[in-house]
Amino acid sequence: MKSYKLAILAGDGIGPEITREAVKVLKLIEQRNDIRFELLDAPFGGHAYFEHGHSFPEQTKAICDAADAIIKGPIGLSYEESQKIPVDEQPERGALLPLRARYQTYANFRPVSLPKSLAHFSPLKPEIVGDGIDIVIVRELVGGLYFGHKEVGVNQQGRRYVRETLEYDEEQISRILHVAFKLAQRRKKVLHNIHKSNVLKSSVLWNEVLAEVAQDYPDVKVVQMLVDAAATHLCLNPRQFDVMVMENMFGDILSDQAGGILGSLGLMPSACLGPDKAYYEPSHGSAPDIAGQNIANPYSMIGSVAMMLENSFGMFEEARNVWDAMQGVFADGYSTPDLSKPGAGVKMISTDAFGDRVVEKLKAMPRVAG
Ligand code: IPM
Ligand code: MG
């Protein structure tokens, strides 16, 4: 029997409650498959700072180092709570970015998927949504402005100043482009390259490297699009996109917009892959305003488990079953209060009841042979 160690970083805010539902699904996957998951809980984020003095404590690093994959809930605190923590220890800068840097998880896959059963959540008109939306945003995750040299101080005129640099080298660019081209090859063979080469030199280099990498993928059509125009097109005609690739900051912003066209970031799981380690997380924040109320939808967390099954353990069919189970719960007319429009005729259930229904659906599906 195969056995894997999973680091479970439940995170802040709604993190623990949606992670609990993901763990229920993991337990069932163990029963249905010839596989064991050793779950290693570890503190990470704002609560870790208050309890252990660091938002990414040493013990958590050791657990992650030893794990075959990492499941991570959202992190972050309300603005007021964040102010109680030194700037560099705040969970985003003190935990999340160091996690990404530690394992060089440069390839971030953010599926933007709205199957028919979820179409009513979208704020877009039905004629724009059509048969549904199915895009993958491939975001470079360990370069650019997020990780460039930073400096704060007082300049010669006595004014406070800040300098943040957007840095990429050709290797960082080509490795993410290869990932995106390979994905486009497996899908519709169209790749939208999102950039800002009319202003940024970083985009000029990005596009030069793209022209070279593209030679290896003659069957993939590249469509060039400026990032500002892409923001508009995502609203007006999202169905023109299949795979979109972009640098770190553009990917942060456009993936939130993509969550918007689905109707909620709660529908956005993600995979963050590095050369030797991968971690899986919802693309959204920790929603401290609704934490502890048992109303957050666990879709993004359970979806992150499905992405782990595919990407870390090659369990493609079981991953498909997990997606189908979740979508089946929506198709039966259920949702959670955070993910429903009033009057949409949705039967409202709690976070844990949603997780239970996903488990029931998955139980009813044929097991995968082998
Ligand atoms: C995301 C988040 C993070 C990011 C934050 C929490 C640092 O917004 O994963 O998109 O900006 O990358
Ligand atoms: Mg973001």
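Mentor: Start with one rule: two strands pair if DSSP finds at least two bridges between them. This model is predicted. It has an open sheet of 10 strands, with mixed pairing. The order is β2-β1-β3-β12-β11-β4-β5-β10-β8-β9.

Trainee: What makes β2 and β9 stand at the edges?

Mentor: Count partners. β2 (35-41) and β9 (221-226) each have a single partner strand, so one side of each lacks a neighbour in the sheet. From one strand to the next, the twist averages 25°.

Trainee: Why are β8 and β9 said to pair?

Mentor: The rule asks for at least two bridges. Strand β8 (residues 190-195) and β9 have 6 bridges, so they pair. The sense is parallel. I194 stands opposite M225 in β9.

Trainee: Which helices pack on the sheet?

Mentor: Helix α1 (residues 15-32) is one of them; it touches β1 (2-9), β2 and β12 (278-282). Its direction makes about 155° with that of β2. Helix α10 (residues 248-262) packs there as well, touching β4 (107-114), β5 (133-140), β8 and β10 (243-246). The direction of α10 makes about 160° with that of β5.

Trainee: Now the ligand. Why does R100 count as a polar contact of ligand 1?

Mentor: The cut-off is 3.5 Å between N or O atoms. A polar side-chain atom of R100 lies 2.8 Å from an oxygen atom of ligand 1, so the pair qualifies. R139 qualifies too, with 2.9 Å to a ligand oxygen. For Y146 the value is 2.6 Å, also to an oxygen of ligand 1.

Trainee: How much of ligand 1 does the protein bury?

Mentor: Alone, ligand 1 exposes 320 Å², and the protein buries 78% of that.

Trainee: Which residues surround ligand 1, and how do they divide?

Mentor: E92, L96, R100, R110, R139, Y146 and D252 surround ligand 1. They divide into 2 nonpolar, no polar and 5 charged. Tyr counts as nonpolar here, so Y146 falls in that class. Helix α5 (residues 91-102) gives the largest share of the shell, 3 residues.

Key:
Residues numbered from 1 in each chain as written. Chains lettered and ligands numbered in written order. Predicted model: local features only at pLDDT ≥ 70, side-chain atom pairs only at ≥ 80, totals over all residues. Heavy atoms only, no water. Near = heavy atom within 4 Å. Polar contact = N/O pair within 3.5 Å; in protein donor to acceptor, adjacent residues only side chain to side chain. Areas by Shrake-Rupley, 256 points an atom, 1.4 Å probe, with all protein chains shown as cover. Helix = DSSP H or I, 4+ residues; strand = E, 2+ residues; numbered from the N terminus. Axes fitted to C-alpha atoms, helices over the stretch in contact; angles between N-to-C directions. Contact = heavy atoms within 4.5 Å.
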